[in-house]
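Grab a pencil and try a few exercises on the structure below. Each one comes with a solution that goes step by step.

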Amino acid sequence: MNRARFSVATFNLYNLQLPGESLNPGQRPWTDEEFARKVQWIAGQLTVLDADLVGLQELWSREAMERVLADPALDGEYDLLAEPANGGKIVCGALVRKGLLRGTPRWVETFPPELRLESSGNDDQAPEVRVTIPGFSRPVLNFQVALREQPPLTEVFVAHLKSKLPERVYQEDWFEADEAMFKPHAGALGAALATIRRTAEATALRILLTEAMKGTVTPVLVLGDVNDGQHSNTINILTEQPRYLVGESRGGVDTGLYTAQTLQEYRDTRDVYYTHVHNDLRESLDHVLVSEQFYDNSRRRLWLFDGLTIANDHLNEENHRETGTGDHGVVRVDFAWRPFTPTRSSRAAS
């Protein structure tokens with residue numbers, strides 16, 4: 001069936017794990033009552049969201065997500081992509097409206113061989129740098145959907161990059177061997193390591209995206225908790241910083257990605273986009289990135305951006321354990337089928 005409209009969303013589940021099972025170090029397992037509130041709240045959010053594709057982050061347990069989908073309003077609506085979510089580790093997952101999924105989803109754990117972060121420096125003053133990280137902290141989910149009967153299929157990537165939370169360097173052997181030396185700088189060292197890890201993950205994901213996009217007309221969607229803002233280096237690596245508002249006849253970049261946040265800002269007179277609050281700082285960490293097939297001014301446009309909404313009132317809650325709420329906003333983006341039609345001026349310009 002050819003769809004005239006569709007919607008996507010990204011949803012950080014805030015450690016969706018079965019009650020009594022282990023979470024991250026230092027976090028208490030959910031009680032039965034806390035888990036029941038989480039299930040109820042997530043089901044309610046998904047029901048209101050009503051998106052065709054939902055990228056999920058912080059998913060520990062497929063069974064826990066199945067309990068969410070057992071809600072009468074959601075039963076039978078989605079295919080759940082969560083095979084590695086066995087309760088022992090955090091993975092990315094997805095909900096795909098029944099009938100849209102094609103092929104077999106894959107979870108990418110190891111960095112592609114093209115990723116090599118080594119340099120002897122660009123000048124005589126720059127020392128050598130070498131970064132060795134073998135894989136993603138959270139495996140990237142990749143799958144295909146058929147939004148229209150005719151090809152190509154749309155490639156979807158769901159990602160959760162390393163957070164800004166500093167690495168716990170105090171647990172390292174080198175730290176313990178000379179704690180007096182390193183302890184005053186533990187915060188800076190840990191934050192730097194987290195940034196390096198997130199940057200490497202963004203670069204590895206960029207390589208996967210380039211492989212899917214370069215020299216093709218494949219529509220690509222990236223749904224995820226990137227743990228960085230709209231103009232961060234992380235996002236710049238992922239998007240390759242394409243130009244916006246360049247005129248219909250010149251728009252679109254083969255391997256570029258466009259942030260739905262920016263597309264919404266061009267439609268609005270006020271920026272109120274935030275998906276996370278930490279120490280009273282409101283940040284946009286959760287993003288939907290789209291290829292030129294979803295960009296209004298691209299000559300290869302298939303789908304027209306039709307608005308972005310964020311459910312983030314629950315971020316005013318201080319104790320998510322008591323309320324069952326999550327600690328990230330839920331982002332939904334809508335599109336309408338509107339392929340680019342060349343005008344006389346655009347044909348002349350091309």
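## Surface and overall build

**Exercise 1.** Work out how much accessible surface the protein has, and what share of that surface belongs to carbon and sulfur atoms.

*Solution.* Start with the total: the accessible surface comes to about 17100 Å². Next, take the share: 47% of that surface belongs to carbon and sulfur atoms. Keep in mind, here and below, that this is a predicted model.

**Exercise 2.** Decide whether the radius of gyration agrees with that of a compact globule.

*Solution.* First, count residues: there are 350. A compact globule with that many residues would have a radius of gyration near 20 Å. The protein has 21 Å, so the two agree. For the extent along the principal axes, the C-alpha trace spans about 70 × 65 × 40 Å. As for the inside, 51% of the 350 residues count as buried.

**Exercise 3.** List what the fold is built from, and find how far apart in sequence the contacting residues are.

*Solution.* The parts are 9 helices and 16 strands. Now take the contacts between residues at least 6 apart in sequence: 73% of them join residues at least 24 apart.

**Exercise 4.** Compare the positive and negative side chains: how many are there of each, and how far apart do the centres of the two sets lie?

*Solution.* Counting gives 37 positive and 50 negative side chains. The centres of the two sets lie 7 Å apart.

## A six-strand sheet

**Exercise 5.** Find the order of the strands in the open sheet that holds S14, and say which ones stand at the edges.

*Solution.* The order is S5-S8-S9-S10-S14-S11, 6 strands with mixed pairing. Strand S5 (101–110) and S11 each have a single partner strand, so they stand at the edges, with one side of each left without a neighbour in the sheet. At the S5 end, 6 bridges join S5 to S8 (residues 135–145), and the two run antiparallel. Val108 stands opposite Val140 in S8.

**Exercise 6.** Is strand S14 enclosed or open, and which strands does S14 pair with?

*Solution.* Step one is burial: 5 of the 5 residues of S14 (residues 286–290) are buried, so this strand is largely enclosed by the rest of the structure. Step two is to check the faces. Asp286, Val288 and Val290 are buried on one side, and His287 and Leu289 are buried on the other. Step three is pairing. Strand S10 (residues 220–225) runs antiparallel to S14, with 5 bridges, and Leu223 has Val288 as its bridge partner. Strand S11 (residues 258–259) is also antiparallel to S14, over 2 bridges, and here Thr259 has Leu289 as its bridge partner.

## Strand S16 and a helix residue

**Exercise 7.** Find how many residues of S16 are buried, and which strands are joined to S16.

*Solution.* In S16 (residues 330–337), 7 of the 8 residues are buried, so the strand is largely enclosed by the rest of the structure. Strand S1 (residues 5–16) is joined to S16 by 6 bridges and runs antiparallel, with Ser7 opposite Asp334. Strand S15 (residues 303–311) is antiparallel to S16 too, with 7 bridges, and Leu308 has Val333 as its bridge partner.

**Exercise 8.** Is Gln264 buried or exposed, and what does Gln264 contact?

*Solution.* Gln264 is found in helix H7 (residues 260–265). Its relative accessible area is 18%, and buried means under 20%, so Gln264 is buried. Leaving aside neighbours within four places in sequence, Gln264 is in contact with Phe305, Gly307 and Leu308.

Technical notes. Residues numbered from 1 in each chain as written. Predicted model: local features only at pLDDT ≥ 70, side-chain atom pairs only at ≥ 80, totals over all residues. Heavy atoms only, no water. Helix = DSSP H or I, 4+ residues; strand = E, 2+ residues; numbered from the N terminus. Rg over C-alpha atoms; globule rule 2.2 N^0.38 Å. Buried < 20%, exposed > 50% of the residue type's maximum accessible area, 1.4 Å probe, protein only. Contact = heavy atoms within 4.5 Å. Areas by Shrake-Rupley, 256 points an atom, 1.4 Å probe, with all protein chains shown as cover. Lys, Arg positive; Asp, Glu negative; His and termini not counted. Charge placed at Lys NZ, Arg CZ, Asp CG, Glu CD. Pairing = 2+ DSSP bridges.
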